[in-house]
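Biologist: I am new to this structure and would like a close look at one part of it. Please take a single strand and describe what surrounds it.

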Amino acid sequence: MTDPLSDLIPVRPTRVAVLGAGSWGTTFSKVLADGGASVMLWARRPELAHEINTGHRNSDYLPGINLPAALRADSRLGAVLEGAELVFVAVPSQTLRANLTAAASSIPSDAIVVSLMKGIEQGTLKRMSEVIGEELGIGGAQIAVASGPNLALEIAKQWPTAAVIASDDLVTAQTVALAATNKYFRSFVNTDVIGTEIGGVLKNIVAVAIGIVDGVGYGENTKASILTRGLAEMTDFAVAYGGRPETLSGLAGLGDLIATSESSLSRNNTAGRLLGQGYSFGDVVATMKQTAEGLASIAPVLELAAARGVSMPIALQVAQVLDGTLDPRDIAPHLTTDDLPQGE
C-alpha cells in the first residue's frame, strides 16, 4: 500500500541557512552539507567566517574537524539568509528573540524555520518554537524543532547517530528530515512539538544533577536512580503541558537523556560536575566557554511545574545547589518522597 503522503513530500531542500556558528550550529551545518545541501552559516565574528571559508575549520568550537567545502560562512545576516528554503537556528536560547528581531527582515517569507535550541525563555516561559512563531509571525506549518542524542563533537567526527524532527505539520517535519539525513546521521519525524521540545529542555536539568553526583563522587546506583526518576519527571511535565508520553521514551527523551547525562562532552554534565566539586554557580559560568542551557532553564521550568502542579524534586534540588542552599553531597532527589511508599 502506498503512503498517501508520499506525493506531498517535497524534493530534498538544497539551499539552507544556519544561524549560529558555535559547536552545535557548525556541526549541524556539516550534517546538512554532507547530506547534499548548499549551506550558509552565520558567524557573528567576521574572523570566524573567514576561518571557515578559507581553512574549512572552526578551531574555537570544533578543533581538529575538517568542514565540507559546501559549507560557507558569512557575518552578514542578509547574505546568509538570501534564498534560504530552510533556516536552522542555533543560538543561546536566551538570545533567540533578539537574534530573530535582527534576522526577521532577511528570512524568506516561505522558509521553514527550525529550532536547534533546547531552552525555555526566561520571563515569558515560552518554548523556542513559540518564540519563533511570535517573532516571525509564522504558523506551525513553517516551524520545526530538532532534538535527540546529539553531542556535537561525536557527530562532527561522523559517529553514527539519530535525531527526531517535530512539526505540527508532518510534511514540514519530513521536508526538514530529508535535509538532515546522511550516511552517519538519520532523522526521524513526529508531530509532537511540545513533547520533543520539553524532552530537550528537561534532560539538560537531569544531566546537571547527574554531573553533580559525579562531581561529589557517588556511584552508578545513585546516577541510575536519578536518571530513571528523571525520565519519570520529564514525562509527567510533558504530559501536563500537552506532550505525548511516548515521545519521552524516544530519541528526544530517553535517547537525549542518556547521551547528555553520561558524557563528559555534555556541557550540562560538565557544569554539574563542577558544582559537585564545590565550584559556585558564578565560577561554573566563568569557567565554561559555552552555554549550559540546563542552568538557564531551571527557574522557568520550576515556575511552569508549579503552575500545573507537577512535582519536580530533581529540578528543585539542582536549583538549591545553584543558589547555595543545598550542599552538593546532600543531593538525593529520589529520596525526597512522602512517608508512604509511592508507586513507580
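Modeller: Two strands are said to pair if DSSP finds at least two bridges between them. The model is a predicted one, and the part chosen here is strand β4, residues 86-89.

On one side, β4 is joined to strand β1 (residues 15-19) by 4 bridges, and the two run parallel. Within this pairing, F88 in β4 stands opposite V18. On the other side comes strand β5 (residues 112-115), also joined to β4 by 4 bridges and also parallel to β4. Here V87 has V113 of β5 as its bridge partner, and V89 has S115 of β5.

The side chains come next. In a regular strand, side chains alternate between the two faces of the sheet. In β4, L86 and F88 point one way, while V87 and V89 point the other way. All four of these residues are buried.

The strand belongs to a wider sheet. This sheet is open, has 8 strands and shows mixed pairing, and its order is β3-β2-β1-β4-β5-β6-β7-β8. The edges are held by β3 (71-74) and β8, each with a single partner strand, so one side of each has no neighbour in the sheet. From one strand to the next, the twist averages 25 degrees.

Helix α7 (residues 170-179) brings in a contact with β4. The buried residues of α7 pack against β4, and also against α1 (23-34), β5, β6 (143-147), β7 (161-166) and β8 (185-190). Of the 10 residues in α7, 8 are buried, so the helix is mostly covered. The buried ones are V171, T172, A173, Q174, T175, V176, A177 and A179.

Further along the sheet, helix α11 lies across β6, β7 and β8, and runs at about 145 degrees to β7. This helix, residues 251-262, also has a helix partner: its axis and that of α9 (residues 220-240) come within 11 Å and cross at roughly 140 degrees. Because of that angle, α9 counts as oblique to α11. The crossing of the two helices is right-handed. From α9, the residues L227, L231 and M234 take part, and they meet G253, L254, L257, S261 and E262 of α11. Sorted by class, this contact holds 5 nonpolar, 2 polar and 1 charged residues.

To return to the strand itself, β4 is followed by β5 and preceded by β1 in the sheet order, and its residues L86, V87, F88 and V89 are buried.

How values were computed
Residues numbered from 1 in each chain as written. Predicted model: local features only at pLDDT ≥ 70, side-chain atom pairs only at ≥ 80, totals over all residues. Heavy atoms only, no water. Axes fitted to C-alpha atoms, helices over the stretch in contact; angles between N-to-C directions. Parallel < 35°, antiparallel > 145°, perpendicular 65-115°, else oblique. Left-handed = near helix turned anticlockwise from the far one by under 90°. Contact = heavy atoms within 4.5 Å. Nonpolar A, V, L, I, M, F, W, Y, C, P; charged D, E, K, R; others polar. Buried < 20%, exposed > 50% of the residue type's maximum accessible area, 1.4 Å probe, protein only.
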